[in-house]
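Visitor: I'm new to this one and would love a close look at a single part, the charged side chains that pair up. Could you walk me through them slowly?

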Amino acid sequence: GDYDEALFMYHKALGIHESSLEVNNEGAADLYSNIGEVLRIKENYNEALVMFRKGLSIRESVLGFGHHDTSTSYSNIGAVLYDTGSYDESLEMFRKALRIDELVLGPNHQETAPLYSNIGSALHGKRNYGEALVMYRKALAIFEKEVGVSHHQTLQVQENIESCLEHLQHK
């Protein structure tokens with residue numbers, strides 16, 4: 001995609017929000033998140049974190065801690081931190097997101113599965129293979145039930161499980 005044009009359009013929309021003094025609303029939070037995601041894709045991690053944190057701040061003040069969109073903001077921040085190798089910090093963000101979604105959606109909801117997988121990946125990055133395996137297996141059970149055994153997310157988690165098992169065998 002044309003990420004530079006997307007960034008331009010998101011910033012333009014954000015400027016409209018700011019000029020109408022509607023900076024602290026869900027629309028502005030969505031724009032900050034969209035900008036953050038484009039910046040993450042472009043591997044501009046520092047700016048992505050700034051945008052995601054602005055979106056989180058708005059979501060916490062407008063929606064509160066216990067809202068799925070707030071969880072998404074925590075997860076987005078966790079993903080950037082993971083991408084930069086900051087596994088402890090990413091783990092903290094993914095766990096906050098999971099706490100919210102477990103309360104709001106339930107522990108076996110399709111939206112919680114990626115969070116279990118992300119936590120597994122952060123633990124995997126820290127070489128905590130046993131703990132990662134537990135999280136990957138939770139994600140796998142949900143993915144298999146909700147999206148099927150041949151879905152790309154299910155297959156990715158299966159690969160992650162295999163990787164953990166290989167690491168545990170060679171310890």
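Visitor: How many salt bridges does the structure hold?

Guide: Seven salt bridges are found in the structure, where the term covers a side-chain nitrogen of Lys or Arg within 4 Å of a carboxyl oxygen of Asp or Glu. Before we zoom in, a bit of housekeeping. This is a predicted model, in which local features need pLDDT of at least 70 and side-chain atom pairs count only at pLDDT 80 or more, while totals for chains, interfaces and linings use all residues. Residues are numbered from 1 along each chain as its sequence is written, and side-chain values use heavy atoms, with hydrogens and water left out.

Now the setting. You're looking at a protein chain with eight helices and zero strands, both being DSSP runs numbered from the N terminus: H or I over at least four residues for a helix, E over at least two for a strand. The chain's radius of gyration is 17 Å, close to the 16 Å that the globule rule gives for 171 residues, so the chain is as compact as a globular protein of that length. That radius is taken over C-alpha atoms, and the globule rule is 2.2 Å times the number of residues to the power 0.38. Laid along the principal axes, the C-alpha atoms fill a box of roughly 60 × 30 × 30 Å.

How about the charges themselves? The protein chain carries 25 negative and 15 positive side chains, with the centres of the two sets 7 Å apart. In that tally Lys and Arg count as positive and Asp and Glu as negative, leaving out His and the chain ends; each charge is placed at NZ of Lys, CZ of Arg, CG of Asp or CD of Glu.

Let's start with Arg-40. One of its partners is Glu-37, at 3.6 Å from N to O. Both sit in helix α2, which spans residues 26–41, and being three residues apart they are separated by about one helical turn. Glu-37 is partly exposed, with a relative accessible area of 28%. Arg-40 is partly exposed too, at 23%. (Under 20% is buried, over 50% is exposed and in between is partly exposed, using a 1.4 Å probe and protein chains only.)

The side chain of Arg-40 also meets that of Asp-83 in a salt bridge, this one at 2.7 Å from N to O. Asp-83 belongs to helix α4 (residues 68–83) and Arg-40 to helix α2, so this pair ties together parts that are 43 residues apart in sequence. Asp-83 comes out as partly exposed, with a relative accessible area of 30%.

Farther along the sequence, Lys-145 and Glu-146 make another salt bridge, at 3.9 Å from N to O. Lys-145 counts as exposed at 67% relative accessibility, whereas Glu-146 counts as partly exposed at 35%. Back with the earlier trio, salt bridges that share partners join Glu-37, Arg-40 and Asp-83 into one network.

While you're looking at helix α4, find Asn-76, which is also placed there. Asn-76 is buried, at 17% relative accessible area. Setting aside neighbours within four places in sequence, Asn-76 is in contact with Ser-33 and Phe-52; contact means heavy atoms within 4.5 Å.

Next, have a look at Tyr-87, in helix α5 (residues 87–104). Tyr-87 counts as partly exposed, at 25% relative accessibility. Not counting residues up to four places away in sequence, Tyr-87 touches Tyr-82, Ala-122, Gly-125 and Lys-126.

Two more charged residues are worth a stop, this time for their backbone. Most residues other than glycine have a negative phi. Glu-43, in the loop between α2 and α3 (45–62), has a positive phi near 65°. Arg-127 has a positive phi of about 65° although it is not a glycine, and Arg-127 lies in the loop between α6 (113–125) and α7 (129–146). Glu-43 counts as exposed at 58% relative accessibility, and Arg-127 is exposed with a relative accessible area of 60%.

Finally, step back to the whole chain. Buried residues make up 39% of the 171 residues. Among contacts between residues at least 6 apart in sequence, 54% join residues at least 24 apart.
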